[in-house]
Amino acid sequence: MEDVLLQRELYGIWNISLEPFQSITASVSSYIRDPGFGVITLFLIGNILIFVPLGFLLPLLLKKPSYIKTMLISLGVIVSIETLQLVTCLGIADVDDVLSNMIGSTIGYAAYYFIEKNMIINKYNKRIKPRIPSV
């Protein structure tokens with residue numbers, strides 16, 4: 001933390017990246033050059049996957065779940081984490097992290113929505129129950 005604060009004071013270097021798509025482009029370029037999962041690519045995939053559960057579980061906690069509510073709460077959580085990284089000098093506050101985290105939250109909400117809709121359809125769908133043969 002002292003090194004980051006010294007860099008801020010002496011050189012004006014902050015632990016923040018506000019240029020959209022900079023790290024995402026670097027990750028895609030890295031993957032194109034070497035189709036393996038390098039560190040940069042794993043960070044991008046990790047940033048997406050880590051917020052899938054939030055997008056899935058938030059609607060379960062809300063009385064009246066909606067996409068907008070879920071995304072606003074997700075955005076609040078994500079921006080809070082990025083702000084905490086900036087203030088505490090632990091990590092880099094990156095706008096691309098916000099974008100990839102929101103993609104993960106959206107994927108989670110899509111999974112919730114798909115499951116919820118299918119449960120409702122199956123609930124009201126009049127299917128013939130299969131008979132279990134007696135032994």
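Biologist: Which residues form one aromatic cluster here?

Modeller: Phe56, Tyr67, Tyr109, Tyr112 and Tyr113 do. Before we go on, this is a predicted model, where local features need pLDDT of at least 70, side-chain atom pairs count only at pLDDT 80 or more, and totals for chains, interfaces and linings use all residues. Residues are numbered from 1 along each chain as its sequence is written, and side-chain values use heavy atoms, with hydrogens and water left out.

Biologist: Thanks! How many aromatic pairs are there?

Modeller: The count comes to four aromatic pairs. Rings of Phe, Tyr and Trp (its six-membered ring) pair if their centres lie within 6.5 Å; planes under 30 degrees apart are called stacked, over 60 edge-to-face, and the rest tilted.

Biologist: Why is the pair of Tyr67 and Tyr109 put in its class?

Modeller: Their ring centres are 5.4 Å apart and the planes sit at 65 degrees, so this pair is edge-to-face. It links distant parts of the chain, with Tyr67 in helix H5 (residues 67-88) and Tyr109 in helix H6, 42 residues apart. Helices (H or I, at least four residues) and strands (E, at least two) are DSSP runs, numbered from the N terminus.

Biologist: And is Tyr109 buried or exposed?

Modeller: Tyr109 has 10% relative accessibility, so it counts as buried, while Tyr67 is partly exposed at 39%. Buried means under 20% relative accessible area, exposed over 50%, and partly exposed in between (1.4 Å probe, protein chains only).

Biologist: What about Tyr109 and Tyr112, what kind of pair is that?

Modeller: That aromatic pair is tilted, at 5.6 Å centre to centre with 45 degrees between the planes. Both lie in helix H6, three residues apart, about one turn of the helix. Tyr112 is buried too, at 9% relative accessibility.

Biologist: Staying in H6, what does Ile107 touch?

Modeller: Ile107, which is found in helix H6, touches Ile48 and Val52, not counting residues up to four places away in sequence. Contact means heavy atoms within 4.5 Å. Ile107 is partly exposed, at 43% relative accessibility. Ile107 and Leu54 are 53 residues apart in sequence and 9.8 Å apart in space, C-alpha to C-alpha.

Biologist: Switching to H4, which residues are buried there?

Modeller: Gly55, Leu58 and Pro59 are buried in helix H4 (residues 52-61). Seen down the H4 axis, the buried residues fall within an arc of 90 degrees, so they line one face of the helix. That arc is taken from the directions from the helix axis to the C-beta atoms. The face turned away from the buried side carries the exposed residues Leu60 and Leu61.

Biologist: Now pockets. What volume does the largest pocket have?

Modeller: About 340 Å³. Of the 16 residues that line it, the closest to its centre are Ser23, Phe43, Asn47, Asp94 and Asp97. On a 1 Å grid over the protein atoms alone, a pocket is an open set of points where a 1.4 Å probe fits, with protein on both sides within 12 Å along at least five of seven lines; lining residues have an atom within 4 Å of a point.

Biologist: Which helices supply at least two residues of the lining?

Modeller: Helix H2 (22-33), helix H3 (39-49) and helix H6 (95-124) each do.

Biologist: Last one: what pattern does the chain follow?

Modeller: Along the sequence the pattern is α-β-α-α-α-α-β-α, with six helices and two strands. Buried residues make up 24% of the 135 residues in the chain.

Key. Grid points are joined across faces, edges and corners, and a volume is the space filled by probe spheres set on the points.
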